Amino acid sequence: MSVRYGVVGCGAIAQRRHIPECVHNPNSTLVALCDPNAQRIDEISKAYGGVAKCYTDYAEMLKDPTVDAVVVSGPNSMHASQSIQALEAGKHVLCEKPMATTREDAKAMMAAAKKSGNYLMIALNQRLIPAHKRAKEIIDSGRLGKVLSFRTAFQHPGPESWSVDGGKSWFFQKGSAFMGVTGDLGVHKADLLRWLLGQEFVEVGGFISTLDKRDAAGKLIELDDNAFLKLKTDKGVLGSMILSWTNYGPEENYTIVFCEKGVLSIGTDPTYGVIVDYRNGEKELHKVGEIATNTRQVPSGVIDSFTECIRTSTPPSIDGREGYCSLDVILTAMDAGKEGRVMKILGC
Ligand SMILES: NC(=O)c1ccc[n+]([C@@H]2O[C@H](COP(=O)([O-])OP(=O)(O)OC[C@H]3O[C@@H](n4cnc5c(N)ncnc54)[C@H](O)[C@@H]3O)[C@@H](O)[C@H]2O)c1
């Protein structure tokens, strides 16, 4: 059985990852594309030999009986409503991150998935990156002892060099994006750390600001472009998270975990994706493939993973609840930044 996908929101992430990954997987087929930009989807369909039907009306695509699963990959503000509509239409849903812009919407998505009996997976792809999988194996093996603290950073020049619509895209419009860099990059890191440590965050605080990023008209954006967060987990691990859309030099995307018996570094070396420096002086170097950056895309494994879930009737591990818990960290961080105090994370 081949899983037949329709994609709604056919911009950068769909064109660079979901669509090619769907076409290349022998167990999945691209059957439909939907986007308000008719020319864009027509060109994509042609590039793949005209295999996909093109829709500018999402409701029409959802009526298409050849679509088994929908990839929701448009602006953040559309994720919840488009996911719920697809689930209600009997489709499985792979939704981009952040899964929603409010806790209520995220809960409604989870409820719609439960009611429909269809799968909802959130494209929190950091968990599928080989370096991160290796790091988790090492932490779970216990050879580094207890985790004490971490430092993580994700800093690039901003979404205008990534989005198919450049500086005019939804990324810089508050109504469509709702969150700036904290939602865009922070949700990846919150999810990665929750999963790596196997712990939930319980407190967050920090500085969240707009320092430099301007829209296509030259106006400072109404969304955050930098965040420095401090976090605490339910087991007392302390960490810092640095997020930026204004790093105009080489991209930073690393995570360092400080443990009782040594230090685990991910993404700090161009050759060795994971390095372990033991307290006794021993060192482990792990060559485990690259971490994707905006300019250097590597397969995400997201479509492969969701396709396997559907084919084998296995619920996705990165489900609505996981998406919700990671989103909750970020929504609380945004409130904490606004109020200038540390806040408790109540969600999970
Ligand atoms: N998982 C990841 O690593 C990752 C990376 C990049 C982006 N994303 C997420 O993917 C989503 C899309 O980001 P992108 O980088 O592809 O953006 P983009 O600006 O490149 O593309 C967005 C697309 O959505 C279309 N669109 C606009 N309004 C729409 C609507 N109402 N319905 C359907 N489509 C609509 C636009 O025409 C455009 O084709 C965002 O939620 C973003 O956070 C995830």
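1. Ser163 sits in the loop that runs between β7 (147-155) and α7 (174-177). The model in which this placement is seen is a predicted one.

2. Is Ser163 buried or exposed? Ser163 has a relative accessible area of 11%; because the limit for a buried residue is under 20%, Ser163 counts as buried.

3. The surroundings of Ser163 can be described in some detail. Leaving aside residues up to four places away in sequence, Ser163 touches Ala12, Ser169 and Phe171. With Ser169 there is a polar contact between the two side chains, at 3.4 Å. A polar atom of the Ser163 side chain also lies 3.0 Å from the backbone nitrogen of Asp165.

4. Ser163 belongs as well to the surroundings of the ligand. There are 29 residues around the ligand, and those that come nearest are Asp35, Arg40, Asn76, Trp162 and Ser163. By class, the shell consists of twelve nonpolar, eleven polar and six charged residues.

5. Which helices each supply at least two residues of the shell around the ligand? They are α1 (12-24) and α4 (79-88). The helix α1 gives the most, with three residues.

6. Several polar atoms of the protein lie beside polar atoms of the ligand. A polar backbone atom of Val164 is 2.9 Å from an oxygen atom of the ligand. For Gly11, a backbone N or O atom lies 3.5 Å from a ligand oxygen atom. Glu96 takes part through its side chain, a polar atom of which lies 3.0 Å from a nitrogen atom of the ligand. On its own the ligand has 860 Å² of accessible area, and the protein covers 89% of this.

7. A separate point concerns helix α10, which comprises residues 302-311. Its buried residues are Val302, Ile303, Phe306, Thr307, Cys309 and Ile310. These residues lie on the same side of α10, because they cover an arc of only 160° around the axis. An α-helix has 3.6 residues a turn, so residues three or four places apart point the same way.

8. What covers the buried residues of α10? The cover includes the helix α1 (12-24) and the strands β1 (3-8), β2 (28-34), β4 (69-72), β5 (92-95) and β6 (120-122). The helix α1 thus appears in two settings: it is part of the cover over α10, and it supplies three residues to the shell around the ligand.

9. One backbone feature should be noted at the end of this helix. Just after α10, Ser313 takes a positive phi of about 50°.

Note on methods:
Residues are numbered from 1 along each chain as its sequence is written. This is a predicted model: local features need pLDDT of at least 70, side-chain atom pairs count only at pLDDT 80 or more; totals for chains, interfaces and linings use all residues. Side-chain values use heavy atoms; hydrogens and water are left out. Buried means under 20% relative accessible area, exposed over 50%, partly exposed in between (1.4 Å probe, protein chains only). Helices (H or I, at least four residues) and strands (E, at least two) are DSSP runs, numbered from the N terminus. The arc is that of the directions from the helix axis to the C-beta atoms. Contact means heavy atoms within 4.5 Å. A residue is near a molecule or strand if one of its heavy atoms lies within 4 Å of it. A polar contact is a pair of N or O atoms within 3.5 Å; within protein, one must be able to donate a hydrogen and the other to accept it, and residues adjacent in sequence count only if both atoms are side-chain atoms. Accessible areas come from the Shrake-Rupley method with a 1.4 Å probe; for residues, only the protein chains shown count as cover. Ala, Val, Leu, Ile, Met, Phe, Trp, Tyr, Cys and Pro count as nonpolar, Asp, Glu, Lys and Arg as charged, and the others, Gly among them, as polar.
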